[in-house]
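Take a look at the chain below. The report starts with charged pairs, then turns to the packing around them.

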Amino acid sequence: MEHEARVLRLAGGFGRARCLLAAASWLPCVALGLALGSELLLTALPAHHCGSDPARAPSTCLPLSYPESVTRAGSDGARPCLRGWYYAQPAADLLRSPVTQRNLVCEDGWKVPLEQVDHLLGRLLGCVLLGLGCDWFGRRAVFVGSLVLATGLGVGEALVASFPALLTLRLLRGGALAGASLALYVARLELCDPPNRLAFSMGAGLFSVVGTLLLPGLALLAQDWQLLQGLSALATGLLLLFWGAGCAVRGTPPAPAPLSPGAPAHTRHLEERTHPGLQLISGGIRASFLHSLVPSEPSFYWPYFLAAGLEAAATVFLLLTADLWGRRSVLLLSTLVLVLASQLLLAGAQYLPSWMVLFLSVLGLLASQTVSALSSLFSAEIFPTVIRGAGLGLVLGAGFLGQAAVPLTTMHGRHGFFLQHVLFASFALLTLLCVLLLPESRGRTLPQSLQEADRLCRSPLLRGCPRQDLLPLLPASLPGAGTQLAQEG
């Protein structure tokens with residue numbers, strides 16, 4: 001456990017040079033936030049109708065006037081539009097988007113959630129595969145390679161001519177951007193000493209929010225989605241200049257040490273299950289809170305800027321509390337608030353006053369953002385260096401899997417939305433119990449090997465108790481517990 005501290009002391013400690021290098025790692029987060037946030041702009045649906053008269057029949061799939069012999073209405077009353085679609089106003093300041101260029105509305109509207117699932121699947125695969133690559137080939141190699149891929153694929157998106165090709169490029173570019181973000185996150189964490197890990201990790205989160213907030217302004221200037229993608233590719237290409245500063249250093253673990261008697265080997269296995277579950281729930285239940293805020297067809301800007309503002313608020317909240325109260329206590333509190341807000345909305349949304357629904361939805365969104373950000377930091381601090389990239393990749397990938405449940409429900413006409421909310425709310429209640437069993441990582445050096453990670457013990461939530469709880473989860477009175485402990489020792 002002291003290997004990291006010895007390495008930092010030999011390198012001069014966390015001095016001014018390393019501090020500036022860690023702060024410089026915030027700048028790529030702006031470009032990555034721009035690139036990763038473009039999905040919402042590209043799939044925004046403007047007001048539309050079939051025909052050429054903007055004064056008639058707005059926001060409907062029915063044609064203005066057709067001869068009876070031309071077409072036959074479907075079971076839902078919608079008919080194919082043969083006169084072309086009219087879009088009343090640009091969505092998200094883009095005069096031309098993939099939706100308006102390819103008329104992905106009405107009978108072709110299912111292609112929009114398909115593209116959203118495709119992009120999230122790419123980010124999931126990128127986290128898992130490139131996270132594993134971080135441990136095999138090093139953080140810098142994955143960061144630079146992902147940026148090269150993201151830049152080339154971004155140029156390809158700007159020039160793409162068919163929808164299947166767009167799906168392929170969105171899948172691959174989502175994975176490349178996710179891999180670059182993951183490699184940069186891990187490298188920054190390993191660069192900092194324990195007292196500064198939280199501040200520099202949360203600072204990077206704020207810079208990512210800045211990129212998200214700048215994206216609508218960039219779209220207003222570009223007004224064309226292909227030009228916007230070209231500018232995004234240019235931004236990621238400029239990040240290639242950053243790698244020469246030595247921002248990413250591959251961790252070198254010490255030789256494995258023998259496992260001490262009585263060490264709770266269950267800790268790492270519990271970590272591998274709890275944090276992916278938290279990311280899955282916080283990513284999936286976020287849409288339920290947004291749906292409670294805007295149950296009808298929302299405008300683009302209201303949920304977009306609300307989510308970005310709450311992400312910044314959650315980051316500031318963690319800056320003020322996670323070092324003061326501890327990671328596990330804040331994670332437990334945030335998960336509890338998430339459970340209470342989701343259960344109250346699930347049980348009484350139809351009977352609560354509108355101001356209460358608004359308050360619970362905003363509180364739930366804030367809690368979900370807090371759980372997602374803190375779970376990422378918490379898991380990165382507990383996973384040992386030899387598997388930190390792969391472990392954090394699995395955790396972040398679970399969050400994208402939860403987010404993919406929302407467009408999948410949209411493809412089926414949102415018929416399973418209530419059941420989705422029930423499942424995520426129930427899973428949140430189960431993960432609340434698992435958080436109690438996690439170790440505390442505040443102020444501790446990063447574990448280098450699996451053996452060091454297994455030595456992390458549960459610390460008490462209340463002050464005045466012993467600092468570590470060396471008791472195993474299985475009491476000695478249970479049959480087979482003594483045999484299991486003997487084998488672990």
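Glu-190 and Arg-388 join their side chains in a salt bridge, at 2.7 Å from N to O. The model is predicted. This pair ties together distant parts of the chain: Glu-190 sits in helix 8, Arg-388 in helix 15 (residues 388-411), and 198 residues separate them. Glu-190 has a relative accessible area of 15%, so it counts as buried. Arg-388 has a relative accessible area of 0%, so it is buried as well.

Glu-190 has another partner. Its side chain also meets that of Arg-139 in a salt bridge, at 2.5 Å from N to O. Here too the link spans distant parts of the chain, from helix 8 to helix 7 (residues 139-159), with the two residues 51 apart. Glu-190 and Arg-139 are both buried.

A further bridge pairs Glu-381 with Arg-197, at 2.9 Å from N to O. Glu-381 belongs to helix 14 (residues 354-382) and Arg-197 to helix 9, and they lie 184 residues apart. Both Glu-381 and Arg-197 are buried.

The table sets out these pairs.

| Salt bridge | N to O distance |
|---|---|
| Glu-190 and Arg-139 | 2.5 Å |
| Glu-190 and Arg-388 | 2.7 Å |
| Glu-381 and Arg-197 | 2.9 Å |

How many salt bridges does the whole structure hold? A search finds 10. Glu-39, Glu-115, Glu-157 and Arg-170 are connected in a salt-bridge network.

**A buried acid without a bridge**

Side chains of opposite charge can pair when their charged atoms come close. Asp-118 makes no salt bridge, although it is buried. Which side chain of opposite charge is nearest to Asp-118? It is Arg-170, 6.3 Å away. A salt bridge needs a side-chain nitrogen of Lys or Arg within 4 Å of a carboxyl oxygen of Asp or Glu, so a distance of 6.3 Å does not qualify. Asp-118 does have a polar partner: its side chain reaches the backbone nitrogen of Leu-171 at 3.2 Å. Asp-118 is placed in helix 6 (residues 111-137). Beyond neighbours within four places in sequence, Asp-118 is in contact with Leu-167, Arg-170 and Leu-171.

**Nonpolar cores**

The largest nonpolar core has 27 residues. Leu-41, Trp-85, Leu-94, Leu-215, Trp-225, Leu-228 and Phe-300 touch the most other members. At least two residues of this core come from each of helix 4 (38-42), strand 2 (85-87), helix 8 (163-191), helix 9 (197-222) and helix 10 (225-238). Helix 8 contributes the most, with 4 residues.

Leu-228 shows who meets whom. Leaving out neighbours within four places in sequence, Leu-228 is in contact with Leu-41, Leu-94, Leu-215, Leu-218, Ala-219 and Ala-222. A second, separate core holds 23 residues, including Leu-182, Ala-322, Leu-331 and Leu-438.

**Three buried residues in helices**

Val-99 lies in helix 5 (residues 98-102). Is Val-99 buried or exposed? Its relative accessibility is 2%, so Val-99 counts as buried. Not counting residues up to four places away in sequence, Val-99 touches Leu-42, Thr-43, Ala-44, Leu-45, Pro-46, Tyr-87, Leu-104, Val-105 and Val-112. One of these partners is Leu-45. The C-alpha atoms of Val-99 and Leu-45 are 6.9 Å apart, with their positions 54 residues apart along the chain.

Ser-288 is part of helix 11 (residues 266-293). Its relative accessibility is 1%, so Ser-288 counts as buried. Ser-288 and Ser-361 are 73 residues apart along the chain, and their C-alpha atoms are separated by 8.4 Å.

Ser-342 is in helix 13 (residues 327-348). At 0% relative accessibility, Ser-342 counts as buried because the limit is under 20%. Setting aside neighbours within four places in sequence, Ser-342 is in contact with Ile-285, Phe-289, His-421 and Ala-425.

**The chain as a whole**

The protein chain has 18 helices and 2 strands. Of its 489 residues, 51% are buried. Among contacts with a separation of 6 or more, 80% join residues 24 or more positions apart. The chain exposes about 22000 Å², and carbon and sulfur atoms supply 68% of that.

Note on methods
Residues numbered from 1 in each chain as written. Predicted model: local features only at pLDDT ≥ 70, side-chain atom pairs only at ≥ 80, totals over all residues. Heavy atoms only, no water. Core = buried A, V, L, I, M, F, W, Y, C linked by side-chain atoms within 4.5 Å. Buried < 20%, exposed > 50% of the residue type's maximum accessible area, 1.4 Å probe, protein only. Contact = heavy atoms within 4.5 Å. Areas by Shrake-Rupley, 256 points an atom, 1.4 Å probe, with all protein chains shown as cover. Lys, Arg positive; Asp, Glu negative; His and termini not counted. Polar contact = N/O pair within 3.5 Å; in protein donor to acceptor, adjacent residues only side chain to side chain.
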